[in-house]
Amino acid sequence: MSAVLIARCSGTPIVQTSGVEIVRSGIQQLSVSLPAEQLAGTLSLEFQISSAQTLNPGINAISPHKLGHTVFRMDRRVILEGTAPRLPMLPVRFSEYDLQNSQESLWWLKLMTKDLHASAASAVWLWMNIENPSVQAMLDNPDAPESGAWLKFLKIDFARQLLREALDHEELTLSEGYPEASLGHALSGVVRLLGETVEYVRARYNDDPGRVEAQLQAKVGDA
């Protein structure tokens, strides 16, 4: 039999595993290392014991007997943060995603899913380009005056990109009551700052996006 520990995080696309250990008598330990700065949401830990070899074919057909068959599994979940609203930032090296002039890029709003009922904490992420010196300085020293100016700009641009995602989502409607802290709740919230229906705001945006974005800046700039 062999044992392995698997770690997944709901807020980021992180999957890490421990080394695979052959099960022996006595006490054994498994460990897995995770980058703390890239964890958010709920951490899921899964412990598995599986067949390390194919056994006698004459064994009972419903028993685990082939290589890789799961013999035992146990799950644990750890909530890493509450449900309070926050700006979900993830430090990322943009060059690892084949982006041209990666050092000049600042950030990138990325939706991990289009499911409107999914948790916004795991669906919406603002990838921060740590290869940009200004972004890295802001993350290293968020209390500096320059960082305060960058964070204000970041908050406005985050709302602008979130509005664009909301208006591009064909299934979003303000008439549905999406669960609190869901993706639908977040997207509909930014649209409601500008109008009573998605169609109305979308038409205004298509006609004059600059005016709509200026109105959004006024709404979120001092929030």
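Q: What makes Met1, Val23, Val71, Phe72 and Met74 a nonpolar patch on the surface?
A: Patch members need over 30% relative accessible area and no salt bridge, and nonpolar side chains are joined within 5 Å. In this predicted model, these five residues form such a patch, with about 390 Å² of accessible area together. Val23 shows how the test works: its relative accessible area is 37%, and the cut-off is over 30%, so Val23 passes on accessibility.

Q: Where does Val23 sit, and why is it called partly exposed?
A: Val23 is in the loop between β3 and β4. Partly exposed lies between the 20% and 50% limits. The value for Val23 is 37%, so the label follows.

Q: Why is His69 called partly exposed?
A: Its relative accessible area is 29%. Buried would need under 20% and exposed over 50%, so His69 falls in between. His69 lies in the loop between β4 and β5 (70-79). The C-alpha atoms of His69 and Ala52 are separated by 8.3 Å, with their positions 17 residues apart along the chain counted as the separation.

Q: How do you know that Arg8 and Glu46 form a salt bridge?
A: The rule asks for a side-chain nitrogen of Lys or Arg within 4 Å of a carboxyl oxygen of Asp or Glu. Here the N to O distance is 3.4 Å, so the pair qualifies. The two residues come from distant parts of the chain, 38 residues apart. Arg8 is in strand β1 (residues 2-9), and Glu46 is in strand β4 (residues 42-50).

Q: Are Arg8 and Glu46 buried or exposed, and what makes them so?
A: Glu46 has a relative accessible area of 13%. That is under 20%, so Glu46 is buried. Arg8 stands at 38%. That value lies between 20% and 50%, so Arg8 counts as partly exposed.

Q: What makes Glu165 and Lys114 a salt bridge?
A: Their closest N and O atoms are 3.5 Å apart. The limit is 4 Å, so the pair meets the rule. This pair also links distant parts of the chain, at 51 residues apart. Glu165 belongs to helix α3 (residues 145-168), while Lys114 is in the loop between β7 (107-111) and α1 (120-123).

Q: Why is Glu165 called buried and Lys114 partly exposed?
A: Glu165 is at 14%, which is under 20%, so it counts as buried. Lys114 has 46%, which is between 20% and 50%, so Lys114 is partly exposed.

Q: How do you know that Asp208 and Arg211 form a salt bridge?
A: The N to O distance is 3.8 Å. This is within 4 Å, so the contact counts. Arg211 is exposed at 59%, because the cut-off is over 50%. Asp208, at 31%, is partly exposed. By this rule the count comes to 4 salt bridges.

Q: Why is Ser18 called buried?
A: Its relative accessibility is 8%. The limit is under 20%, so Ser18 is buried. Ser18 lies in the loop between β2 (15-17) and β3 (21-22). Leaving aside neighbours within four places in sequence, its contacts are Val4, Leu5, Leu30, Ser31 and Val32.

Q: What makes Asp115, Asp168, Glu170 and Glu171 a patch of negative charge?
A: Asp and Glu count as negative, and like charges are joined within 9 Å. These four residues gather in a patch on the surface. Asp168 is in helix α3. Asp168 has 53% relative accessibility, which is over 50%, so it counts as exposed.

Q: Why is Glu199 called exposed?
A: Its relative accessible area is 52%, and the cut-off is over 50%, so Glu199 is exposed. Glu199 is found in helix α5 (residues 198-207). Its C-alpha atom and that of Leu174 are separated by 9.7 Å, the two residues being 25 residues apart along the chain.

Q: How many helices and strands does the chain have, and how much of it is buried?
A: The chain has 6 helices and 8 strands. Buried residues make up 35% of the 223 residues. The chain exposes about 13500 Å², with carbon and sulfur atoms supplying 51% of it.

Technical notes
Residues numbered from 1 in each chain as written. Predicted model: local features only at pLDDT ≥ 70, side-chain atom pairs only at ≥ 80, totals over all residues. Heavy atoms only, no water. Helix = DSSP H or I, 4+ residues; strand = E, 2+ residues; numbered from the N terminus. Buried < 20%, exposed > 50% of the residue type's maximum accessible area, 1.4 Å probe, protein only. Contact = heavy atoms within 4.5 Å. Areas by Shrake-Rupley, 256 points an atom, 1.4 Å probe, with all protein chains shown as cover. Charge placed at Lys NZ, Arg CZ, Asp CG, Glu CD.
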